[in-house]
Amino acid sequence: MDITILKGILTGLILSLPFGPVGVYCMELTIVEGRWKGYITALGMVTMDMVYSTIALLFLSSVKEYVIKYESWLSLFIGLFLMIVSSKKLLRKIELKELNVDFKSMLQNYLAGVGFAIVNISSILVIATVFAFLRILDNATTLTSFETVLGVGLGGSGLWFFTTYLLSHFRRLFGKEKLIKIIKLANGIIFILALFVTVYSTRQIIIN
């Protein structure tokens, strides 16, 4: 296997580490509504990682300049968006649903994952940083770019397949009350972080 696709897989693994707000959302969905809904939502996020990887490979300089120029406004928008989402989850009653799978709900979950990832357009900078560190951009050609993007998809989808598999087992092992408390705690942390990002971004906009 060409080393380029291995670098792409590594990039996909890094981007899909389930520690960011979108990752937490996918994990919560897995616990509340089942493994496949969480996984399909994560695939929506992975799809956008592939799209942003393509943009980074083709138009890095211009896109990077644009993102950096409006970074404070983008961060403010993301912060407000996450505050709204997390506060709604904190205020509403969480109930673990019966596991059922149908095409319509799967499509909605996939589009939700895409929507969350689109909002986080600043992830292009993260992708560009990883690409630079792995020296992917040094000798980029049409073939290597394709292999890189394919690797990002394989790495991300593979990691989320494993993550949702583990979470589905946690759902069976832990009681409902404990799982609900964990979900509430995760959303509380997201709200606090989003509030910090919103305040900091507002301050940067005022200063500049």
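This passage walks through the helices, cores, cavity and a few individual residues of a predicted model.

A good place to start is the overall fold. The chain contains eight helices and zero strands. Read from the N terminus, its elements follow the order α-α-α-α-α-α-α-α. The chain has 208 residues, and buried residues account for 45% of them. On the outside, about 11,900 Å² is exposed, and carbon and sulfur atoms contribute 70% of that area. The contacts tell a story about distance along the sequence: among those between residues at least 6 apart, 92% join residues at least 24 apart.

The interior comes next. The largest nonpolar core has 24 residues, and Ile127, Phe131 and Trp160 are the ones that touch the most other members. Several helices share in building this core, with at least two residues each from helix 2 (21-33), helix 3 (35-69), helix 5 (103-119), helix 6 (123-133) and helix 7 (142-173). The greatest contribution to this core, eight residues, is made by helix 3. Another core, of seven residues, lies apart from it, and its members include Ile78, Met83, Val119 and Ala194.

Helix 6 deserves a closer look. Its buried residues are Ser123, Ile124, Leu125, Ile127, Ala128, Val130 and Phe131. A useful rule for reading such a list is that an α-helix has 3.6 residues a turn, so residues three or four places apart point the same way. Two names in the list, Ile127 and Phe131, have already appeared among the residues touching the most other members of the largest nonpolar core. Just beyond the end of helix 6, arginine 135 adopts a positive phi of about 60°.

The model also encloses some empty space. One cavity of 30 Å³ or more is present in the structure. The largest cavity has a volume of about 60 Å³. Its lining is made of 10 residues, and those nearest the centre of the cavity are Pro21, Tyr25, Val85, Asn187 and Ile190. Helix 2, helix 4 (71-91) and helix 8 each provide at least two residues of this lining. Helix 4 has the largest share, with four residues. Sorted by class, the lining comprises six nonpolar, two polar and two charged residues.

Individual residues show how separate stretches of the chain meet, beginning with two glycines that both have contacts far along the sequence. Glycine 12 sits in helix 1 (residues 3-15). Its relative accessibility is 0%, so glycine 12 counts as buried, the limit for that class being under 20%. Setting aside residues up to four places away in sequence, glycine 12 touches Val152, Gly155 and Gly156. For the last of these partners, the C-alpha atoms of glycine 12 and glycine 156 are 4.5 Å apart, although 144 residues separate the two along the chain.

Glycine 153, for its part, belongs to helix 7. This glycine is also buried, because its relative accessible area is 8%, under the 20% limit. Beyond residues up to four places away in sequence, glycine 153 touches Val46 and Met50. From C-alpha to C-alpha, glycine 153 and serine 16 are 9.8 Å apart, with their positions 137 residues apart in sequence.

Two further residues involve helix 4 and helix 8. Threonine 198 is located in helix 8 (residues 176-207). With a relative accessibility of 10%, threonine 198 is therefore counted as buried. Not counting residues up to four places away in sequence, its contacts are Leu76, Gly79, Leu80 and Met83. One of these partners, Met83, is also a member of the core of seven residues.

Leucine 90 is found in helix 4. At 31% relative accessibility, leucine 90 counts as partly exposed, because that class lies between 20% and 50%. Leaving out neighbours within four places in sequence, leucine 90 contacts Lys184, Asn187, Gly188 and Phe191. Among these partners, Asn187 is one of the lining residues nearest the centre of the largest cavity. The C-alpha atoms of leucine 90 and leucine 185 lie 8.8 Å apart, and the two residues are 95 residues apart along the chain.

Methods:
Residues are numbered from 1 along each chain as its sequence is written. This is a predicted model: local features need pLDDT of at least 70, side-chain atom pairs count only at pLDDT 80 or more; totals for chains, interfaces and linings use all residues. Side-chain values use heavy atoms; hydrogens and water are left out. A nonpolar core is a set of buried Ala, Val, Leu, Ile, Met, Phe, Trp, Tyr and Cys residues joined through side-chain atoms within 4.5 Å. Buried means under 20% relative accessible area, exposed over 50%, partly exposed in between (1.4 Å probe, protein chains only). Contact means heavy atoms within 4.5 Å. Accessible areas come from the Shrake-Rupley method with a 1.4 Å probe; for residues, only the protein chains shown count as cover. On a 1 Å grid over the protein atoms alone, a cavity is a set of points where a 1.4 Å probe fits but cannot get out, and a pocket is an open set with protein on both sides within 12 Å along at least five of seven lines; lining residues have an atom within 4 Å of a point. Grid points are joined across faces, edges and corners, and a volume is the space filled by probe spheres set on the points. Ala, Val, Leu, Ile, Met, Phe, Trp, Tyr, Cys and Pro count as nonpolar, Asp, Glu, Lys and Arg as charged, and the others, Gly among them, as polar.
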